Amino acid sequence: MAEPISLVDLPGLVGSEQGVSKWITVDQSMIDQFANATHDHQFIHVDPERARAETPFGGTIAHGFLSLSLLSAMSYDCVPVVRERRMGINYGFNKIRFMAPVKSGSRVRGRFALTATRYRGRDMVMLTYSVSVEIEGESKPALTAEWLTIAQFDPKDHPQPDYMD
């Protein structure tokens, strides 16, 4: 886990890489558990023999949303938290693109760059990250995304700096 950062340091970090996570193995067991949780049992994810015979992937692949859902674990591993925050909130995405399939047994990791910060009211700052989920040994990432998170803090203890709007 990365060292925490302060609210006052955020503007200076815009445009910089904030971290690269450790590798996570996406095996068939993880894919099957995700299929059960989401009720998405399409054969390309859960039937290795049929996927090997009927798809260009040579076997099963992870759900795109499984790869996307790993962003939380990846970010916990390497993205610094705002020291003053009381809690973090997943706000959503401006853009997500699934670029390449994650084959069962592959390892993936997240690469995070802070692209913007913006105050939302007196007690929240929105952080925008450019994210890429890399697949070990592959030239194309599994996905790219623009991810929005919010750090909520106590404005009595940490008033909004004058330079932020």
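**Group meeting: a look at the pocket**

Okay, let's start with the outside: the protein's accessible surface comes to about 8,900 Å², and 50% of that belongs to carbon and sulfur atoms. Those areas come from the Shrake-Rupley method with a 1.4 Å probe.

Keep in mind that this is a predicted model, where local features need pLDDT of at least 70, side-chain atom pairs count only at pLDDT 80 or more, and totals for chains, interfaces and linings use all residues. Residues are numbered from 1 along each chain as its sequence is written, and side-chain values use heavy atoms, with hydrogens and water left out.

So what's the layout? We have 6 helices and 6 strands (DSSP runs: H or I of at least four residues for helices, E of at least two for strands, numbered from the N terminus). From the N terminus on, they go α-β-β-α-α-α-α-α-β-β-β-β. The C-alpha trace spans about 60 × 30 × 25 Å along its principal axes.

How much of the protein is buried? Of its 165 residues, 43% are, with buried meaning under 20% relative accessible area (1.4 Å probe, protein chains only).

Contacts next, meaning heavy atoms within 4.5 Å. Looking at those with a separation of 6 or more, 72% join residues 24 or more positions apart.

Technical notes: Buried < 20%, exposed > 50% of the residue type's maximum accessible area, 1.4 Å probe, protein only.
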